[in-house]
Amino acid sequence: MANVVVVGAQWGDEGKGKIVDWLSERADVIARFQGGHNAGHTLVIDGEVFKLSLLPSGIVRGGKLSVIGNGVVLDPWHLKKEIEGLRGQGVTITPETLMIAENTPLILPIHGELDRAREEQTSVAKIGTTGRGIGPAYEDKVGRRSVRVADLADDATLELRVDRALVHHDALRRGLGLEPVDRARLLADLREIAPSVLEYAAPVWKILNEKRRAGKRILFEGAQGALLDIDFGTYPFVTSSNVIAGQAATGTGIGPGSIDFVLGIVKAYTTRVGEGPFPAELNDADGQRLGERGHEFGTVTGRKRRCGWFDAVLVRQTCATSGVNGISFTKLDVLDGFETLKICVAYELDGKRLDYLPTAADQQARCTPIYEEMPGWSQSTEGARSWADLPAEAIKYVRRVEELIECPVALLSTSPEREDTILVTDPFAD
């Protein structure tokens, strides 16, 4: 049976939550493979709004197994809060419906404190993090000083892990003018939260491989977008993990040969939250209109998103680095009513035309967009569920995007509602 990876193919906020939820009806297992609670998903189901930032989007569907893989960094206190919130909305969450990899690193309060303290420093440019400790938690993972889920089950191991981490963190905190970590308080907090995490702990790598051998369909869910990838994003204005599709394998413990289809989620225009280059950004009435019509405010932070025309250069690039087989084109309805639309088809840099975004930050900042114009449409596309419901100009726009990014449209989303989706190619088809 086919297994599908879903990745954002821009700077995040492409509408992955709805698409993953829509696809999860066809899946048996939904697995998160990277990121933390710094990127939100908003689901609208029968008029009810669910806001998720850590749990897989499939958690709101009954009869599915949701998995948090080892590529995620987990804030246990946020996990407890998010579970309680969803239970309050009638969602059933048990160890049979949610499993967390035993080797998942934890986000501790000291990580958030370090994150915010660094961002407040004025000696270097701000990265624009959410301040939730994601980056420092990944640093500790690579530095081999993480507290992981399994460590919560043994008090002696937990103390050793905390002491190893504090050797590093207390030195950093002194340099930032922060008080040393209260070791006793941190250990007490971890012991208190441990039962809320350990009840879901499992050897996820083993379970996923067993599910695969049994012919179950697995949906791998990424957070954020490929342009925030630590290696292939607009460094240093990126997240702290690999976001591209290859991470689905290492972030869950399943072999790359088990991935059958990569679905890239692509918004019909471009948005970005926080700092960093954005060649097609609009600081005019059109940009304002896109933001207002698209309700472009972050699910987690509430920060206003920067808006611009569709950038085919960037999406073609991310489709290549993630091996995207087909895209899900979202928020087409936001473009309704524009008399003229523009698509960025190339960049100009120092008098030369480029068909990719260069790696060097100074060059990225100097890239200016080269646009191609297309006629807009006056009719509404909101809620369309078939090609016949779309204006001819909207179809031409979608087809031109396919040509420019060198990747076909598999799904077309026309509203936040789950069923307002046009299926072109079923990613789960054998």
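A salt bridge is a side-chain nitrogen of Lys or Arg within 4 Å of a carboxyl oxygen of Asp or Glu. This structure holds 23 of those salt bridges, and we'll visit some of them. Before you click, know that this is a predicted model: local features need pLDDT of at least 70, side-chain atom pairs count only at pLDDT 80 or more, and totals for chains, interfaces and linings use all residues. Residues are numbered from 1 along each chain as its sequence is written, and side-chain values use heavy atoms, with hydrogens and water left out.

**Stop 1: helix 3**

Select residues 109-120, which make up helix 3. Helices here are DSSP runs (H or I, at least four residues), strands are too (E, at least two), and both are numbered from the N terminus. Now show Glu113 and Arg173: their side chains meet in a salt bridge, 2.6 Å from N to O. Arg173 sits in helix 5 (residues 155-176), 60 residues apart from Glu113 in helix 3.

Are these two buried or exposed? Buried means under 20% relative accessible area, exposed over 50%, and partly exposed in between (1.4 Å probe, protein chains only). Arg173 is buried because its relative accessible area is 9%, while Glu113, at 30%, counts as partly exposed.

Stay on helix 3 and pick Arg118, which forms a salt bridge with Glu139; their closest N and O atoms are 2.7 Å apart. Glu139 belongs to helix 4 (residues 134-142), so you're looking at a link between parts 21 residues apart. Arg118 is partly exposed at 31%, and Glu139 is partly exposed at 34%.

Next, pick His111, also in helix 3. With 2% relative accessibility, His111 counts as buried. What does it touch? Contact means heavy atoms within 4.5 Å. Not counting residues up to four places away in sequence, His111 touches Leu106, Gly133, Pro136, Ala137, Asp140 and His169. Measure C-alpha to C-alpha from His111 to His169 and you should get 8.8 Å, though they are 58 residues apart in sequence.

**Stop 2: the aromatic rings**

Show Phe310 and Phe329. Rings of Phe, Tyr and Trp (its six-membered ring) pair if their centres lie within 6.5 Å; planes under 30 degrees apart count as stacked, over 60 as edge-to-face and the rest as tilted. There are five aromatic pairs in the structure. Phe310 and Phe329 form one that is edge-to-face, at 5.9 Å centre to centre with 80° between the planes. Phe310 is in strand 12 (residues 310-311) and Phe329 in strand 13 (residues 326-330), so their pair ties together parts 19 residues apart in sequence. Both Phe310 and Phe329 are buried. Add Trp377 and Tyr397, and you'll have a cluster linked by ring pairs.

**Stop 3: the cysteines**

How many disulfides does the structure hold? Zero. A disulfide is a pair of cysteine sulfur atoms within 2.5 Å. Select Cys319: the nearest cysteine sulfur, that of Cys407, is 4.3 Å away. Cys319 is buried, with a relative accessible area of 7%.

**Last stop: a salt-bridge network**

Finish by selecting Asp13, Lys267, Glu296, Arg305 and Lys331, which are linked in a network of salt bridges.
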